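Work through these exercises with the model open beside you. Try each task before you read its solution.

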Amino acid sequence: MEVLKLKIDKYKVFKGFEADFSNEDGTTKKIIVLAGVNGSGKTSLLEFIHKMVVDPKIDRKGYVDILTEFGSEKDNRKLIESVASLRLNYRLFKNITAFEKKQKNVDSDDNLVYLTANGTTEIIFKDKEEIFVEAISKLKSSVVFLNTEQFDFKNVNNLIFSFVKKLIFNKNVSPKDAYNEVQNILDSLFEDFDLRVRFGSIDASWEAGKESFLVYFKNRHSDKIPISDLSTGEKELITRAFFLEVVTPYNSVVLVDEPERSLHPKWQQQIFDVYARVSEKYDAQFIIATHSPHIISSVDPNSLFILNLEESVDEPNNLSISIENMETLNKHTKGVEPNRILKEIMGVSRLRYGEIDKKVNDLVSLLNIHDYDSDDVAKRRDELIRILGDKDPTMIRVNHQIKVLERKLN
């Protein structure tokens, strides 16, 4: 299952919004990364895709086109339009209107109607109802949403415990081998990460007739560390990635909101590769919303889309959202340094702290007019070198420029 296109007539900040995530040849992108300023709708877009699939009762003002196939039987293929774009703006009715019956030459009152986003209908006869309902059920289970509010240490504690318990009791694996399997998963996911903890053990106990358990990790000194005492970044990293390995998202769409949350920049540089490996392993499509220049610099421009907030010329208070693909704009992203990403892709005009940035710009402006008080310039330069150090690229250029000007004056 893969998202090709979507249209949102109205949902939160979106009005009349369309996005095409397909390649020029009509194939789908296995990884899509969304970036943009706060309020540009990145999280809302993930929510819309998720709700369109899992909640048939929501007010569907729009549609999501997906590519999918649920088996190889002819009836199944016909039902989902031969693996064409299946619009998820469906509704189920036990009855259809008299006009539709006449138009479609349908006699029975006991039919299901597939209503697409543009208002057209497809009649699905009663004997196909079971297939249709099964297809919808599979659709719902084929979308995984990793949002910023979903995980805490209790979730990953329960997740790992359930995983180990299943290995031991359902597959007759010894506790030691089950623990090793947990560590194997972590090793395979984070082979390039400098994780300072390893999986340790699970302590279980009974209190008032209730089973309680706590997952422990161990540090490089073999000290036992309860999962609640791991750093926020470690918990975030382990929870999200381990969750994906446990749910095994074969042929699914995985929606990831802010994967950089609580992660050190070094881990932000590496986390994209984790999701890419999971995508390849399970043939899953990932749609990731991020603010991280480190993640963006890991992404091919063909997979990167920027959401823009645009103000109407006629109605200044009326904001609209547009979307742009970075390859279409001939932008470079993969392997580009984060500072360039901030300026060229994310629209950050100033990379320094405001007060210091002004001091630097004032000094450069004085040097450019070639008519300045040398004592004043020296004082400004010395202050900035004290703050920024003499290895700062701008200060290196300033010192060079001062030497050139001094030689000309002499």
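pLDDT is the predictor's confidence in each residue, on a scale from 0 to 100. Keep it in mind, for this is a predicted model.

**Exercise 1. Confidence**

Find where in the chain confidence is lowest and where it is highest.

Solution.
- Start with the whole chain. Its pLDDT averages 80, and 76% of the residues score at least 70.
- Now look at the extremes. Helix 2 (residues 74-79) has the lowest confidence, with a mean of 37. Helix 9 (residues 293-296) has the highest, at 98.
- Next, take the weak stretches. Residues 69-96 stay under 50, and the model gives them 81 contacts beyond four places in sequence. Residues 106-126 are also below 50, with 58 contacts beyond near neighbours in sequence.

**Exercise 2. The sheet**

Work out the strand order of the open sheet, and say which strands stand at its edges.

Solution.
- Trace the order. The 6 strands run 8-12-13-3-14-15, with mixed pairing.
- Go to the edges. Strand 8 (143-146) and strand 15 (319-325) each have a single partner strand, so one side of each has no neighbour in the sheet.
- Add the twist. From one strand to the next, it averages 20°.
- Zoom in on one pair. Strand 8 and strand 12 (residues 253-257) are parallel and share 4 bridges. Leu146 sits opposite Val256 in strand 12.

**Exercise 3. Helices on the sheet**

Determine which strands helix 1 and helix 7 meet.

Solution.
- Take helix 1 (residues 42-54). It packs on the sheet and touches strands 3, 8, 12, 13 and 14. Its direction makes about 150° with that of strand 12.
- Take helix 7 (residues 232-247). It lies across strands 8, 12 and 13. It runs at about 170° to strand 8.

**Exercise 4. Nonpolar cores**

Name the residues that touch the most other members of the largest nonpolar core.

Solution.
- This core has 56 residues. The best-connected members are Ile160, Phe190, Phe217, Phe286 and Leu304.
- Follow Phe217. Leaving out residues up to four places away in sequence, its contacts include Ile160, Leu186, Phe199, Ile227 and Ile238.
- Apart from this core lies another, of 27 residues. Met1, Tyr11, Met52 and Phe145 are among them.

**Exercise 5. One glutamate**

Is Glu236 buried or exposed?

Solution.
- Place the residue. Glu236 is in helix 7.
- Check the area. Its relative accessible area is 6%. The cut-off for buried is under 20%. Glu236 is therefore buried.
- Look for a partner. The side chains of Glu236 and Arg261 make a polar contact at 2.9 Å.

How values were computed: Residues numbered from 1 in each chain as written. Heavy atoms only, no water. Pairing = 2+ DSSP bridges. Helix = DSSP H or I, 4+ residues; strand = E, 2+ residues; numbered from the N terminus. Axes fitted to C-alpha atoms, helices over the stretch in contact; angles between N-to-C directions. Contact = heavy atoms within 4.5 Å. Core = buried A, V, L, I, M, F, W, Y, C linked by side-chain atoms within 4.5 Å. Buried < 20%, exposed > 50% of the residue type's maximum accessible area, 1.4 Å probe, protein only. Polar contact = N/O pair within 3.5 Å; in protein donor to acceptor, adjacent residues only side chain to side chain.
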